[in-house]
Amino acid sequence: MPLTAPHPDRLMRIEQARHRMQDGHSASADMGISPWIAQSWQRCLDMGLQPQHAAGFEAVSPQHMQRVQEASRPLVQAAQPVLAELARTITDIGYFAILTNAQGIVVDVHGRVDRQDRRADVIARVGVDLSEKAVGTTSISAALTELQPVWLHQGEHFFQGNGAYSCAGAPVFGPDGLCAGMLDLTGIDTMERPALKHLVRRSARSIENSWLLSTTHALVLRLNWPGNQPGDDSDGLLTLDQDGHIVGANPTARQMLSLAPAGPHPLTHASDVFASPWENLFDAAGRQGNTQEVPLWSGLRLQSQASRPGTASLSSSRLSSNKPMAKPLKDVQTDMIREAVTQARGNVAEAARALGISRATVYRKLGSPRH
């Protein structure tokens, strides 16, 4: 996908915002700086960091890293197949993938990393601390703070020395609903690709689903709204034990059912969520074509598809196999363009500017008529 450099006005506004920050003024949204970036810059200043200083990119101690690796093992194992396919997808555009824990410590790296380039080598190391207090504003610290996908380009990083990086990041949530880490896609001296935020979000979702399905459970419920049949990564996933307690859920299911993160609280029972006998959910797992509507105590209804471990339905076999299906690069590019158009509320010209491509390319990739 041919790309050009970001519009000069955008880079100039970022630089102006940086000067305002260094002069003790706030960077406003009308300068092209998102509020969460300005807030991160201010937190860095409050910690005594200065933009002209160099980021340390220090690794944690071996003892600390041993504890991190032990705690992060379920996350890393669930992410392995997703990261392998992701690395193949982004290698042609000069990006690589970094997985961190919830404190911003790198626990895995995938993709083509140029170890001769110090800028790549210092960040793509297992054990390096990439938290905000260590390396300032990055997509890593932003995703872990904002708990939503982000895009960060060059001068939007806090430290001037980090201006070569362009990054997309998304948080990864564990089966308990708590943030367990984040997934980062980083390029160095590359063109701006804000639509990578869509790719990193989808990949984080695949990791979450893979992790959830690898945990001990007696029943899986795939949930979607009526008219949207369960069967892909957009499903809400809920796992129950044999007594009907909810033992895990992905973020989509938690939003659908208004479930809070588990934390230290007692397990929620399915009967507290579904306004029908919870035993019916298990009965449905034994029937072929078991998609059914289930009522919620909220008054809403959901489409549900139940399966027991080892007997997942054909429509869910991709998730339960723990092996994501490879997606052609051209399809990933089309997804990125479609996401950019959505973010621009259908404004093709604005989406084309964000991606650094022509409107004609947008129309051609989406197969849409020109207006």
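**Legends to close-up views**

**View A. Helix 7 spans 27 Å from its first C-alpha to its last.** Helix 7 (residues 196-214) contains 19 residues, and its reach is close to the 27 Å expected at 1.5 Å a residue; the expected span is 1.5 Å times one less than the number of residues. Helices (H or I, at least four residues) and strands (E, at least two) are DSSP runs, numbered from the N terminus. The model is predicted: local features need pLDDT of at least 70 and side-chain atom pairs count only at pLDDT 80 or more, whereas totals for chains, interfaces and linings use all residues. Residues are numbered from 1 along each chain as its sequence is written, and side-chain values use heavy atoms, with hydrogens and water left out. Of the 19 residues of helix 7, 14 are buried, and the helix is thus mostly covered. Buried means under 20% relative accessible area, exposed over 50%, and partly exposed in between (1.4 Å probe, protein chains only).

**View B. Helix 7 lies across strand 6, strand 7 (236-240) and strand 8.** The helix runs at about 15 degrees to strand 7. Such angles run from 0 to 180 degrees between N-to-C directions, with axes fitted as lines to C-alpha atoms, for helices over the stretch in contact. Contact means heavy atoms within 4.5 Å.

**View C. An open sheet of 5 strands follows the order 8-7-6-10-9 with antiparallel pairing.** Two strands pair if DSSP finds at least two bridges between them. Strand 8 (246-249) and strand 9 (292-295) are at the edges with a single partner strand each, so one side of each lacks a neighbour in the sheet. From one strand to the next, the twist averages 35 degrees. Strand 6 (residues 219-224) and strand 10 (residues 301-307) run antiparallel and are joined by 5 bridges. Across from Arg222, in strand 10, stands Gln305.

**View D. A second view shows an open, antiparallel sheet of 5 strands in the order 2-1-5-4-3.** Strand 2 (106-110) and strand 3 are the edge strands, each pairing on one side only. On average, neighbouring strands of this sheet are turned by 20 degrees against each other, direction ignored. The antiparallel pair of strand 1 and strand 2 has 4 bridges, and Ala97 faces His110 of strand 2. Helix 6 packs on this sheet, where it touches strand 1, strand 3, strand 4 and strand 5, and its direction makes about 150 degrees with that of strand 5.

**View E. Helix 6 (residues 139-146) is largely enclosed by the rest of the structure, because 6 of its 8 residues are buried.** The buried residues are Ser139, Ile140, Ser141, Ala142, Ala143 and Leu144. Their cover includes helix 2 (35-46), helix 5 (132-135), strand 1 (95-101), strand 3 (150-153), strand 4 (165-173) and strand 5 (179-188). Just after helix 6, Leu147 has a positive phi of about 55 degrees.

**View F. Gln154 is in the loop between strand 3 and strand 4.** Gln154 counts as buried because its relative accessibility is 18%. Neighbours within four places in sequence aside, Gln154 contacts Leu11, Asn162, Gly163, Tyr165, Ser166 and Thr190.

**View G. The whole chain has 13 helices and 10 strands.** Of its 371 residues, 51% count as buried. Among contacts in the chain with a separation of 6 or more, 60% join residues 24 or more positions apart.
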